[in-house]
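Good morning, colleagues. I should like to use these few minutes to discuss how two chains meet. Please look at the sequence and structure on the screen.

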Amino acid sequence: MTTKQKASITLPAPLAINGGEAVAYAMRQIDPEVVAAYPITPQTFIIERFSEYVADGLVSTEYINVESEHAALSACVGACAAGGRAQTATSGPGLALMFEIVWVASGMRLPLVMHLCSRALSAPLNILCDHSDAMAMRESSWIMMFGSNPQEAYDQAIVAPTVAEHPDVLLPFANVLDGFTVTHSVERVDVLPDEDAKSFVGEYEPERWALQPGGGATFGGLDANDFYFEHKRQQVEAMDNSLEVVRRQLDKYAELSGRKMSLVEEYLLDDAEVALVVLGSSEGMVRAAIDQARADGIKVGMLRVRLFRPFPVADVRKALSGVAAVGVLDRAIAFGAPANALMQDIVMATRTLPERPLLMDFVYGLGGRNTPKQMFREAIDHVVLAKEQGAEPESPAYLGLR
Amino acid sequence: MTLKLRELTEKTEQFGSGHALCAGCAEPVAVRQVLAALVNPPVVALATGCLEVATTRFPDTTWKVPVIHSAFENAATTISGVEAAYKALVRKGRMEPRPLTFLVFGGDGATYDIGFQWLSGALERGHKFIYVCLNNEGYMNTGIQRSSATLLGAWTTTTPAGDVRPGKLQWHKDMTRIIAAHNIPYVAQAAVHNWKDLMTKVRKAEAADGPAFINVITPCDRGWRFDTDKTMEVSRLMVESGLWPLYEVENGVWRMTGGGQKRRPVIDALKSQKRFSHITTNGDESVVAEIQRRVDAEWESLQQLCEMSARAESES
């Protein structure tokens, strides 16, 4: 890792913290005006650690201990419309309870940030990781970015407000980190000096805000059939605009941190004949499976989608062009749909490639089911077989299902 | 703190003309009284409801003060966020401190029912704001359906008076006393026909050291079935019959206010509203008698609380 060394500033020593603590650390540096949250496993590390920062006077934040997740996001909407930077954090059922306000936040064009510690949706009750929660919000006009480890949870948290608040964007941002695998795993995390983080993030400077001296705007009013459609179309433009803003901000952040992040991350794709596509923390095991398969002479690579919304179609197309067969790893089921969520996106992204790869879908890791290397190796072997047979299976395969 | 009529007439109107509320609606009357009574400029949060949809249709707005609407149930939480942002922006030095009053308007649906949790949470957290419930005893915005504020026996579109059911079957929730049980500094019931009482309560609410709640009865001519010129008369009858006692709970002290209360039988108020015509004209007096019995009991309980407060005050 290369870091920019300043003459007068000593870089903070690397920390050994988990993903939840890494997010809280970033939130301390960002010092949002308002944080409102309701405890839910596995998000609790974030809000407990942040509460300590509040108790020790290390932030100026007004921390609101609300009585539900719906209220958490509602308070953020009020705070953000008022002119404050606002953040929350939640998981699975908490996001489900917020759902009405998920759409209100984006429809009101409020650039608040949510750290989503992904967790299965009930029923049956399950506190462990899958992407059912994140997939349920994928059409709600939030920018969604999946990190794969505590370092990225921190890095993405620092970048998030700068994307959301960009005048060409003004949309809420979900920093998605896998429940337990990221939130509870202690790893080395390199952090920016406080002043670097603060100057990178700056302050929220909205054009109109409810607390604006002399201001008198009406926020969140009623649209009849004469304006609603146009306002939704503007959200499409904002979402489209956000893609290049994300790219620019990740590049700017790399200059500061020395850590390069891209909209999609590639591993050994250059000469790959087959590939796996993945979201989130399973990346590590997928890489290990790829290393093993490579040792066996299989030309396989990996594409990890970091920016999930807006979906980076061009980047995905470019990365997968020339690959003969692709396995898509979905950690949530789109019940009754022709394909699961990530598969749907990959189908659409690759459909106009001159030589579209054969595609097959894998469902894995639901409700915290283990994701060992051997399981992904099995997926690679399936994809190799599909390539050899020149045929796409019609239905998804279920990895690790008993 | 004292209201001076001359000063009130000189205040700039902050709720404009051209809104789409019905002729005869009591809500804009209440809103104007509240806004005129405030000493500080307000920042308002609205719950979804008649007032919100009739005053914020894009690209127009009736409001000359900042207003935020987010959803039906969460206006108290919206204002929590605003109040929190204000504190933090001042603490950070990003904004000069200035006197502001954080204010919410919500209907009885938003207050008694769907938004009960959000309001209770915001009161417990102690945000400094005034919550004004515009209580028209039903979900009027969606077409006159029953709420937990609807009176026993009332016709609504979801409690129609039929051959076997005489309108609403349940007694209403006593929301004001539930709010008083949160032990916040100021709680009151008010009515639009008694503007001086209502506006004095708004002044007290604004001066309170913490959250304040004012429950305003806002007769709905469409839902209660009376002529559009009878709003103030119906409001007065609700108070004079004891169906809507005017009182306040100021720092735990219960006090009747406004005068002229409980000097008529409930039948006088019920007869002014055709939503009760099936129980006032069918010869069966049992529902009316039950309403009278419950009103008498609640009145007695309220008097006892006021007397206890008076005794405690005189002893201290």
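Let me begin with the polar side of the interface. In this predicted model, 22 residue pairs, both members at pLDDT 80 or more, are in polar contact between chain A and chain B.

Which parts of chain A supply the side that touches chain B? At least two residues each come from strand E3 (62-65), helix H3 (69-82), helix H4 (92-107) and strand E9 (218-219). H3(A) gives the most, with nine residues. Sorted by class, this side of chain A holds 23 nonpolar, 16 polar and nine charged residues.

I turn now to the charged pairs. Nine salt bridges are counted between chain A and chain B. One of them joins A:Glu62 and B:Arg91, whose closest N and O atoms lie 2.5 Å apart. The cut-off applied to such an N and O pair is 4 Å.

Next, the extent of the interface. On chain A, 48 residues are in contact with chain B, which contributes 41 residues of its own. Together the two chains bury about 3300 Å², and carbon and sulfur atoms account for 58% of that area. Which three residues supply more than any other three of the area that chain A buries against chain B? They are A:Glu67, A:Leu211 and A:Leu222, with 20% of that area.

Finally, I draw your attention to strand pairing across the two chains. E9(A) and strand E2 of chain B, residues 67-69, run parallel and are joined by two bridges. Within this pairing, B:Ile68 of E2(B) has A:Phe219 standing opposite.

Thank you for your attention.

Conventions. Residues numbered from 1 in each chain as written. Chains lettered and ligands numbered in written order. Predicted model: local features only at pLDDT ≥ 70, side-chain atom pairs only at ≥ 80, totals over all residues. Heavy atoms only, no water. Contact = heavy atoms within 4.5 Å. Buried area = accessible area lost by both parts, 1.4 Å probe. Salt bridge = Lys/Arg side-chain N within 4 Å of Asp/Glu carboxyl O. Polar contact = N/O pair within 3.5 Å; in protein donor to acceptor, adjacent residues only side chain to side chain. Helix = DSSP H or I, 4+ residues; strand = E, 2+ residues; numbered from the N terminus. Nonpolar A, V, L, I, M, F, W, Y, C, P; charged D, E, K, R; others polar. Pairing = 2+ DSSP bridges.
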